[in-house]
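Opening the notebook on a new model today. I want to go through the fold, the cores and a few odd backbone angles.

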Amino acid sequence: EEAGKLAGTGIWYYNKATQEVYYSDQVFLLHGLPPQSLNAHINTFTPFLHPQDREVVLEAVEKAFIQELPLHLEYRILTANGQERHVRNILQWTYTPNGERLLQGTLQDYTVYKEAEIFRDQTAQQLWLQKQRLQFTESNTSTGFWQLNILTRKFTPSDNFVRLHGLRPQATAGGLNTFLNFVHPDDRTTVENYYKTL
């Protein structure tokens with residue numbers, strides 16, 4: 001019980017022979033309920049399944065129950081106060097000391113991890129979109145962009161910046177010096193001094 005509180009994880013089991021069901025206090029707390037506030041049966045927490053996930057979850061659990069298969073589910077629930085949570089429910093079959101079939105479950109709240117995952121995916125998508133916009137702007141305005149790491153002095157040009165110098169992308173191994181060689185002799189000292197001040 002203490003480990004479950006620390007890990008945000010609850011345990012439950014179902015004895016197939018006796019039909020006895022047990023849910024730890026943490027399972028109730030994950031659903032926004034006082035511990036042991038509902039009668040324990042196999043469908044005690046079915047009403048808390050998110051409507052959009054309910055059918056898929058019930059089908060998977062029924063199949064695992066009939067065929068006695070292990071199962072790893074990730075789905076959403078709505079707590080007693082309507083809060084949406086993401087949970088992982090891991091089911092496995094084992095035996096009691098009497099040889100009776102026992103279905104054991106571990107229910108974990110991973111809402112924080114799921115939200116971080118969604119944020120990461122959204123950020124990656126936004127960055128990709130911004131990159132596409134930048135490339136479109138470059139190609140339509142004959143401009144190029146570059147960045148210089150002040151600490152490492154690593155120079156990173158955009159593809160169009162390279163093209164404006166009449167080079168291929170693989171010809172940029174020389175870094176900033178590669179492009180300084182293309183500056184007009186009358187302007188080279190001024191440009192080199194500018195980069196040195198960065």
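**Entry 1: inventory.** I counted elements before anything else: the protein has 7 helices and 7 strands. Reading from the N terminus, I get the order α-β-β-α-α-β-β-β-α-β-β-α-α-α. I keep in mind that this is a predicted model.

**Entry 2: overall shape.** How spread out is the protein compared with a compact globule? I looked up the radius of gyration and found 30 Å, while the globule rule gives 16 Å for 198 residues; the value is well over the rule, so the protein is more spread out than a compact globule. The box along the principal axes is in my notes too: the C-alpha atoms fill roughly 90 × 35 × 30 Å. Of the 198 residues, 31% count as buried. I also checked contacts with a separation of 6 or more, and 35% of them join residues 24 or more positions apart.

**Entry 3: the sheet.** Next I traced the strand pairing. I find an open sheet of 5 strands, ordered β2-β1-β5-β4-β3, with antiparallel pairing. At the edges sit β2 (21–23) and β3 (71–78), each with a partner on one side only. On average, neighbouring strands here are turned by 20° against each other, direction ignored.

I then zoomed in on one pair. β1 (residues 9–15) and β5 (residues 101–109) run antiparallel to each other and are joined over 7 bridges. In β5, the residue opposite Tyr14 is Leu103.

**Entry 4: the helix on the sheet.** Which strands does α3 touch? I see α3 (residues 54–67) packing on the sheet with contacts to β1, β3, β4 (84–95) and β5, and its direction makes about 145° with that of β3. I ran a length check as well: α3 has 14 residues and reaches 20 Å from first to last C-alpha, close to the 20 Å expected at 1.5 Å a residue. Just after α3 comes Glu68, with a positive phi near 55°.

**Entry 5: the cores.** I listed the largest nonpolar core and got 22 residues, of which Trp12, Tyr23, Phe45, Tyr75, Leu103 and Leu107 touch the most other members. At least two residues each come from β1, β2, α2 (25–30), α3, β3, β4 and β5. The biggest giver is β3, with 4 residues. As background, nonpolar side chains in soluble globular proteins tend to be buried together.

I picked Leu107 for a closer look. Setting aside neighbours within four places in sequence, I find Leu107 in contact with Gly8, Thr9, Gly10, Val27, Leu30, His31, Tyr75, Val87, Arg88 and Asn89. There is also a second, separate core of 10 residues, and Phe155, Val162, Leu167 and Tyr195 are among them.

**Entry 6: helix α4.** Does α4 come out straight or bent on the span check? I can only give the numbers: α4 (residues 111–141) has 31 residues and should span 45 Å at 1.5 Å a residue, and its end C-alpha atoms are 45 Å apart, which agrees. Which residues of α4 are buried? I find Thr111, Lys114 and Glu138. The buried residues of α4 pack against β4, β5 and α5 (159–164). Ser142 follows α4, and its phi is positive, near 55°.

I also looked up Thr137, which lies in α4. Thr137 is partly exposed, at a relative accessible area of 37%. I took one long distance from there: Thr137 and Gly8 are 129 residues apart in sequence and 48 Å apart in space, C-alpha to C-alpha.

**Entry 7: positive phi in loops.** Most residues other than glycine have a negative phi, so I noted the exceptions I came across. Gln19 has a positive phi near 65° and sits in the loop between β1 and β2. Is Gln19 buried or exposed? Its relative accessible area is 58%, so I log Gln19 as exposed.

Gln36 has a positive phi too, near 55°, and I find this residue in the loop between α2 and α3. With 41% relative accessibility, Gln36 counts as partly exposed, because the exposed class starts over 50%.

Conventions
Residues are numbered from 1 along each chain as its sequence is written. This is a predicted model: local features need pLDDT of at least 70, side-chain atom pairs count only at pLDDT 80 or more; totals for chains, interfaces and linings use all residues. Side-chain values use heavy atoms; hydrogens and water are left out. Two strands pair if DSSP finds at least two bridges between them. Axes are lines fitted to C-alpha atoms, for helices over the stretch in contact, and angles run from 0 to 180 degrees between N-to-C directions. Contact means heavy atoms within 4.5 Å. The expected span of a helix is 1.5 Å times one less than its number of residues. Buried means under 20% relative accessible area, exposed over 50%, partly exposed in between (1.4 Å probe, protein chains only). A nonpolar core is a set of buried Ala, Val, Leu, Ile, Met, Phe, Trp, Tyr and Cys residues joined through side-chain atoms within 4.5 Å. The radius of gyration is taken over C-alpha atoms; the globule rule is 2.2 Å times the number of residues to the power 0.38.
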